[in-house]
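Colleague: I am new to this structure and would like a close look at a single part. Please take me through one helix and what surrounds it.

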Amino acid sequence: MGELGHIIETGGPFMKLNIIFLVIAIAIIIDRIIAVFFRLNLNGARFMSQIEKLVVSDNIDKAVKLCNAAPRAALARVLRAGLSRANRGVLEIGNSIEEESLSVSPQVMVRVAWLWSVANIAVLVGLLGTVTGLIKAFQAVGLAAPEQKTVLLTTGISEAMYNTAFGLLIAILCIFSHLVVNSQAKKIMEEIELHGLKLE
């Protein structure tokens, strides 16, 4: 912990600013992972297979109850919207599925794109910290007393390198997480589209 504190202190104000962006990134990542892997997700193929069997055997009420058993899952909500209007004709079913899909979509995709923004900001803040660190290092060479030059030069270069590394680390975390979360979110939306059409 002492070494980490020393690195943060050496990194200067932009390093501390990037810690805020790291916390924001981690909060977004945790929130989106819980949403797209657990809260909004279910096994689409298996769930649709059960719904199909119930619909084919004309057990619409049981199919609705099965959807109600997973009230937060995006696919279950969309299918329930269609099933609840099963006696009103194909057009009405299609409209209700489309409406619920449009309602669910923002909940699946929300804040996913933010990870790219946080990655870009973190790199730029890190770059700013790098530049200020190098400025300090060069000023030390030009203005400081000879016995202080080495210490000030080392401190300035350390600040620059720590900021570069930390900014890139946050960006890598954000971009990798974006790939994972976005892939799962798209999978959920594709399942909704596919199984919504199947239900119609």
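Modeller: What follows is about helix α7 and its surroundings. This is a predicted model, in which local features need pLDDT of at least 70, side-chain atom pairs count only at pLDDT 80 or more, and totals for chains, interfaces and linings use all residues. Residues are numbered from 1 along each chain as its sequence is written, and side-chain values use heavy atoms, with hydrogens and water left out.

Helix α7 spans 146-199; helices here are DSSP runs of H or I with at least four residues, numbered from the N terminus. The axes of α7 and α1 (residues 2-39) come within 9 Å and cross at roughly 10 degrees, the axes being lines fitted to C-alpha atoms over the stretch in contact, with angles from 0 to 180 degrees between N-to-C directions. The two helices are therefore roughly parallel to each other, a term for angles under 35 degrees. In this contact, 20 residues are nonpolar, ten polar and two charged. Nonpolar covers Ala, Val, Leu, Ile, Met, Phe, Trp, Tyr, Cys and Pro; charged covers Asp, Glu, Lys and Arg; the others, Gly among them, are polar.

H195 is a residue of α7. At 5% relative accessibility, H195 counts as buried, meaning under 20% relative accessible area with a 1.4 Å probe and protein chains only. Beyond its neighbours within four places in sequence, H195 is in contact with G44, A45, M48, L75 and L79, where contact means heavy atoms within 4.5 Å.

Terms used: Buried < 20%, exposed > 50% of the residue type's maximum accessible area, 1.4 Å probe, protein only. Parallel < 35°, antiparallel > 145°, perpendicular 65-115°, else oblique.
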